[in-house]
Amino acid sequence: MKPFHDGKKKGFLAFTIVKGIGMNTVITSNEALLEASKKIAKEKGILAINMREVAAKANVAVGSVYNYFPNKATLISETIASIWCDVFYGTKGCMTFTCFSECLKWLMDTIGACSKEYPDFLKTHALGIKEEKEREKSRQMMETYRKHLKEQMLFVLEKDQKVRKEVFADGLQKEDFIDFVFSNVITALNKGERECEILFQIIEKLLY
């Protein structure tokens, strides 16, 4: 599997040229502003993210935020992508599993913890982005991370020796199975812990 790169802007720095009491006049960065944006998402929700809120949280001038993000839509879409990046790197140990059910449990726990940290993340996604172009950009970035998560799940499924061979003997493709499982994991997480447990039990009974 090819190594995954998150595409963040490395070394892209700018100075805040503002005078004022308590204003941060040292170097800031794309990553620092995204961290401030994610803190707002944790505290108030993704839809609360805007240029002024991020500037205040990062203790910089609003103009400094515009140096990196031309508009609110871009800021939200890149924040959403950054959160998915955290999920992806949080599941990087998934490939060490030899049992798919362990990988699935790991994934549920990781995305579940993320959804608790960002309460409206799974439900909101790009709903706060009005511009169609930015909404599509956000969707594409989100799909990139989902794609890599699914690749890891498929890798584990294919090397799981405990899976009954007849499960995929009648035309059911493993890739389609992974798509189905991933989609239902997101749905179950939105509905609550009991739904996740039921889904987990169903998948275990099907595979083993």
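A polar contact, as the term is used in these legends, is a pair of N or O atoms within 3.5 Å, of which, within protein, one must be able to donate a hydrogen and the other to accept it. The views that follow are taken from a predicted model.

**View 1. The start of helix α2, where N50 makes a polar contact with the backbone.** A side-chain oxygen of N50 reaches to within 3.1 Å of the backbone nitrogen of R52, and this contact is found at the start of α2. The helix itself covers residues 51–58, and the residue that follows α2 is N59, whose phi is positive, near 60°.

**View 2. The two faces of helix α2.** On one side of this helix M51, V54, A55 and A58 are buried; seen down the axis of α2, these buried residues fall within an arc of 100°, so they line one face of the helix. The face turned away from the buried side of α2 carries R52 and A56, which are exposed. R52 is also the residue whose backbone nitrogen is approached by the side chain of N50 at the start of the helix.

**View 3. S37 in helix α1 and the residues around it.** S37 is found in helix α1, which spans residues 30–44, and it counts as buried because its relative accessibility is 0%. When residues up to four places away in sequence are not counted, S37 touches I49, V54, L75 and T79. Of these neighbours, V54 is one of the buried residues of α2.

**View 4. K39 in helix α1, shown together with I49.** K39 lies in helix α1 and, with a relative accessibility of 45%, counts as partly exposed. Along the sequence K39 and I49 are ten residues apart, while in space their C-alpha atoms are separated by 9.5 Å. I49 also appears in the preceding view, as one of the residues that S37 touches.

**View 5. A salt bridge within helix α1, between K38 and E35.** Side chains of opposite charge can pair when their charged atoms come close. In this view the side chains of K38 and E35 meet in a salt bridge, with a distance of 3.1 Å from N to O, and both residues lie in helix α1, three residues apart, which is about one turn of the helix. K38 is buried, with a relative accessible area of 3%, whereas E35 is partly exposed, with a relative accessible area of 38%.

**View 6. A salt bridge within helix α5, between D109 and K105.** The side chains of D109 and K105 meet at 3.1 Å, N to O, in a salt bridge. Because D109 and K105 are four residues apart in helix α5, about one helical turn separates them. D109 is partly exposed, with a relative accessible area of 42%, and K105 is also partly exposed, with a relative accessible area of 38%.

**View 7. The salt bridge of E166 and R164.** E166 forms a salt bridge with R164, and the closest N and O atoms of the pair are 3.0 Å apart. E166 counts as partly exposed at 46% relative accessibility, and R164 is partly exposed as well, with a relative accessible area of 30%. The structure holds eight salt bridges, among them the one between E166 and R164.

**View 8. Y66 in helix α3, shown together with A55.** Y66 lies in helix α3, which is made up of residues 62–66, and this tyrosine counts as partly exposed at 44% relative accessibility. The C-alpha atoms of Y66 and A55 are separated by 9.6 Å, the two residues being eleven apart along the chain. A55, in contrast to Y66, is buried.

**View 9. The largest nonpolar core.** This core has 57 residues, of which W84, F100, I111, F121, F177 and L207 touch the most other members. At least two residues of the core come from each of α1, α2, α4, α5, α6, α7, α8 and α9. In the protein chain as a whole, buried residues make up 45% of the 208 residues.

**View 10. The protein chain as a setting for the close-ups.** The chain has nine helices and two strands, and from the N terminus on its elements run β-β-α-α-α-α-α-α-α-α-α. Among contacts with a separation of 6 or more, 70% are accounted for by residues 24 or more positions apart. The protein chain exposes about 11600 Å², of which carbon and sulfur atoms supply 54%.

Conventions:
Residues numbered from 1 in each chain as written. Predicted model: local features only at pLDDT ≥ 70, side-chain atom pairs only at ≥ 80, totals over all residues. Heavy atoms only, no water. Buried < 20%, exposed > 50% of the residue type's maximum accessible area, 1.4 Å probe, protein only. Contact = heavy atoms within 4.5 Å. Areas by Shrake-Rupley, 256 points an atom, 1.4 Å probe, with all protein chains shown as cover. Core = buried A, V, L, I, M, F, W, Y, C linked by side-chain atoms within 4.5 Å. Salt bridge = Lys/Arg side-chain N within 4 Å of Asp/Glu carboxyl O. Arc of directions from axis to C-beta.
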